[in-house]
Structure formats: structure tokens, C-alpha cells
Amino acid sequence: MPHIRADRDVCIGAGQCVLTAPDLFDSDDEGLVTLLDAHPDPSRLGDLREAVELCPSGALRLAEADERDEADEP
Ligand code: SF4
């Protein structure tokens, strides 16, 4: 299963990710990205790749397989 991560310290609130996949990304009151689903269905890989590509700040990271990062997982 893919795993998407968003670094809110890097996000500049351009909103490209939200436009690309509004069911996976949202923006908060400050305009910064929030993830609605960090482990989307593999069928969404196309949208995820596009969001990562379009993000102007490099805030999004996509692991296409399930590479669990223990520091990142509760
Ligand atoms: S596209 Fe990148 S910079 Fe823009 S809101 Fe999404 S994560 Fe932030």
C-alpha cells in the first residue's frame, strides 16, 4: 500500500495537492497541507505521483510500497 507523507514545515500552501486529489489532501486554516489518508488505495498512485510532482516546495514524499518508518508510525 502506498504511503504519503507531507512535511508541513516545508509546505508553502500552494494547494496544488488539494486540487489534484481533494479526497486525499486538504489545507488547514493557515493554508498548509493536511493528509486525509496517509495510506491510500494503490489505485490512487497516479494521483499521488502527480501531486508529488506538482508540489512546488517538495513537501510531499511518496513511498509506493509499504515502507513503514517506525519514527513516523504510532
Ligand atoms: S502542493 Fe505542496 S506546497 Fe502546495 S499545499 Fe500541497 S504540500 Fe503544500
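**Reading the labels in a predicted model**

Guide: In this predicted model, 13 residues surround the ligand, and the closest of them are Cys11, Ala14, Gly15, Cys17 and Cys55.

Visitor: Where does the ligand sit with respect to the largest cavity?

Guide: The space that the ligand takes up is itself the largest cavity, and the shell around the ligand is made up of nine nonpolar, four polar and no charged residues.

Visitor: What makes Cys11 and Cys55 count as buried?

Guide: Buried means a relative accessible area under 20%; Cys11 has 14% and Cys55 has 16%, so both values fall under that cut-off and both residues are called buried.

Visitor: How many disulfides are there, and by what rule are they counted?

Guide: The count is zero disulfides, and the rule asks for a pair of cysteine sulfur atoms within 2.5 Å, so no pair of cysteines in this model is counted as meeting that limit.

Visitor: Why is the contact between Arg8 and Asp28 called a salt bridge?

Guide: The closest N and O atoms of Arg8 and Asp28 are 2.7 Å apart, and since the definition accepts a side-chain nitrogen of Arg within 4 Å of a carboxyl oxygen of Asp, the pair therefore qualifies. Arg8 lies in the loop between strand 1 and helix 1, while Asp28 lies in the loop between strand 2 and strand 3, so the salt bridge ties together parts that are 20 residues apart in sequence.

Visitor: How do you know whether Arg8 and Asp28 are buried, partly exposed or exposed?

Guide: Partly exposed covers what lies between under 20% and over 50%, and because Arg8 is at 34% and Asp28 at 22%, both count as partly exposed.

Visitor: What does the salt bridge between Glu64 and Arg49 tie together?

Guide: The side chains of Glu64 and Arg49 meet at 2.8 Å, N to O, and because Glu64 lies in the segment after strand 4 and Arg49 in helix 2, the pair ties together parts that are 15 residues apart in sequence.

Visitor: Which residues are linked in a network of salt bridges?

Guide: The network links Asp23, Arg44 and Asp47, and within it the closest N and O atoms of Asp47 and Arg44 are 2.8 Å apart. Arg44, at 19%, is under the 20% cut-off and so is buried, whereas Asp47, at 26%, is above it and is therefore partly exposed. The count for the model comes to four salt bridges.

Conventions. Residues numbered from 1 in each chain as written. Predicted model: local features only at pLDDT ≥ 70, side-chain atom pairs only at ≥ 80, totals over all residues. Heavy atoms only, no water. Buried < 20%, exposed > 50% of the residue type's maximum accessible area, 1.4 Å probe, protein only. Near = heavy atom within 4 Å. 1 Å grid on protein atoms, 1.4 Å probe; cavity = no way out; pocket = protein on both sides within 12 Å on 5 of 7 lines; lining within 4 Å. Sits in = over half its atoms within 2 Å of the grid points. Nonpolar A, V, L, I, M, F, W, Y, C, P; charged D, E, K, R; others polar. Helix = DSSP H or I, 4+ residues; strand = E, 2+ residues; numbered from the N terminus.
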